[in-house]
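Time for another notebook session with a new model. I want to look at how its helices pack, what surrounds the ligand and how the domains meet.

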Amino acid sequence: MRIGCVKEIKNNEFRVGLTPDNVKAYAAAGHEVLIECGAGLGSGFTDEEYAAAGAQLIPDPAEVWKQVEMMVKVKEPLPSEYPLFHEGLILYTYLHLAPDPEQTEALLAAKVTGVAYETLMERDRSLPLLVPMSQIAGRLSIQQAAKYLEKRFGGEGILLAGVPGTPKANIVILGGGTVGTNACKIAVGMGANVTIIDISLKRLEYLDDLFGSRIQTLYSTDANIEKAVRDADVVIGSVLIPGAATPKLFKKKYLKEMRPGAVFVDVAIDQGGCGESSRVTSHDDPIFIEEGIVHYCVGNMPGAVPRTSTIALTNATLRYGLQIAAYGLEEACRRNPVIYSAINTYDGKITYPGVAECYPDLESADIHELI
Ligand SMILES: NC(=O)c1ccc[n+]([C@@H]2O[C@H](COP(=O)([O-])OP(=O)(O)OC[C@H]3O[C@@H](n4cnc5c(N)ncnc54)[C@H](O)[C@@H]3O)[C@@H](O)[C@H]2O)c1
């Protein structure tokens, strides 16, 4: 198959869909890989590395779009890229079609096969192409909290780990899923006092087994949260109820009860946030202070570390990409039915139920009846 990768054009997006090592894997399997010149620079991969891995470097992105059968990207295409679609093209990337009617219509009109990272669900119901970004956001949340606790940012002016003879920081993590567990790992590693709060007793049991006496687990009730955050130096918001709005567990009234200069990192902000006082911020202007509490609410945290993010993402996307390239999409689905769950558009129809529900006027079909 002829596979391509272009430079991401979304503002501040430095990740790239294929690494030189990925190119090597596709080339070793007998595929041709076309890479736009400079596509990997934001993640620290040079054209020379891609060429050495076996890629053909193409200066004009339009030429890459035109020639390839499968385009591997990171973010959804933007309107300037819609005219570059062609019938039968497999677009393998994060698509997020539900809030994006313009893109959905463009994919259908051009009969592009949209294979979305975010809906690919493994047999154990995990979402393997979302997990790496949650791992990164979780680990990064503590790194950011440590930074914004510094006085010059409005923080309390304390060191997370303290030093002998000084108190360690108290970190409260709301939601102990992938983000929360990864935040916990770093926080525990740095020697902070960690309390993790979840609504799932099973999850708390798992965390208790994992971290033992180094953490405190608490069942999620308003009373427990209020008590825990009152003495917190850092609060991490990492709650998710799949398919529903994030509950606002971190109430505005708690801010007044906390120490001025404490830091709240609302990782869940991409789903609305779990703080009543949260509003989306960006890497250019990541924090604001309300009632003395430093709020960090960046919706695309992994963008701060594009090299790690690219490697982590492509570690997860490569194996499905290789299967699609080896057998063609249809046969790849039959051999590994997990791939069906990623197909959001096919032959001019919406094929993912969650997206179809958003667009009752657009044509939709059951992918299992089409392939
Ligand atoms: N800002 C970013 O850049 C970024 C990056 C990755 C993920 N995220 C977001 O982080 C959030 C968490 O993602 P995840 O992958 O860890 O999800 P997850 O499903 O693995 O974990 C969510 C956890 O929240 C718990 N929970 C649900 N309701 C609760 C409640 N009322 N009280 C306490 N806990 C509750 C669940 O039991 C689960 O353990 C999501 O909103 C995700 O979109 C943001």
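**Entry 1: α1 and α10.** Which residues in α1 meet which residues in α10? I found that Asn22, Ala25 and Tyr26 in α1 meet Thr314, Leu318, Leu322 and Ala325 in α10. Contact here means that the C-beta atoms of two residues, placed from the backbone, lie within 7 Å.

A note on ground rules before I go on: this is a predicted model, where local features need pLDDT of at least 70 and side-chain atom pairs count only at pLDDT 80 or more, while totals for chains, interfaces and linings use all residues. Residues are numbered from 1 along each chain as its sequence is written.

By class, I get 5 nonpolar, 2 polar and no charged residues for the contact of α1 with α10. Ala, Val, Leu, Ile, Met, Phe, Trp, Tyr, Cys and Pro count as nonpolar, Asp, Glu, Lys and Arg as charged, and the others, Gly among them, as polar. The elements are DSSP runs numbered from the N terminus: helices are H or I with at least four residues, strands are E with at least two.

Next I looked up the geometry. Helix α1 (residues 20–28) packs on α10 at an angle of about 20°, and their axes are 11 Å apart. That makes α1 roughly parallel to α10. My cut-offs are under 35 degrees for roughly parallel, over 145 for roughly antiparallel, 65 to 115 for roughly perpendicular, and oblique for the rest. The axes are lines fitted to C-alpha atoms, for helices over the stretch in contact, with angles from 0 to 180 degrees between N-to-C directions. The crossing of α1 and α10 is right-handed; that is, the near helix is turned clockwise from the far one by less than a right angle, whereas anticlockwise would be left-handed.

**Entry 2: α5 and α10.** For α5 and helix α10 (residues 306–335), I read an angle of about 150° and axes 8 Å apart. α5 and α10 are therefore roughly antiparallel to each other. Their crossing is right-handed. On the α5 side I listed Pro132, Met133, Gln135 and Ile136, and on the α10 side Thr308, Ser309, Ala312, Leu313, Asn315 and Ala316. The class split for this contact is 6 nonpolar, 4 polar and no charged.

**Entry 3: α5 and α6.** How do α5 and α6 cross, and at roughly what angle? Their axes come within 7 Å and cross at roughly 40°, which makes α5 oblique to α6. α5 passes α6 in a right-handed crossing. Among the contact residues are Ser134 and Arg139 of α5 and Thr178 and Ile186 of α6. I count 7 nonpolar, 8 polar and 1 charged in the contact of α5 with α6.

**Entry 4: the ligand.** I found 32 residues around the ligand, the closest being Ser134, Gly175, Gly177, Ser220 and Met301. A residue belongs here if its C-beta atom, placed from the backbone, lies within 6 Å of the molecule. α5 (131–148), α6 (178–189) and β8 (193–198) are the elements that give two or more residues to this shell. The shell divides into 16 nonpolar, 13 polar and 3 charged residues.

**Entry 5: the domains.** Last, I checked the division into domain 1 (2–111 + 306–370) and domain 2 (131–304), with bounds from an automatic or database domain assignment. The contact takes 10 residues from domain 1 and 7 residues from domain 2.
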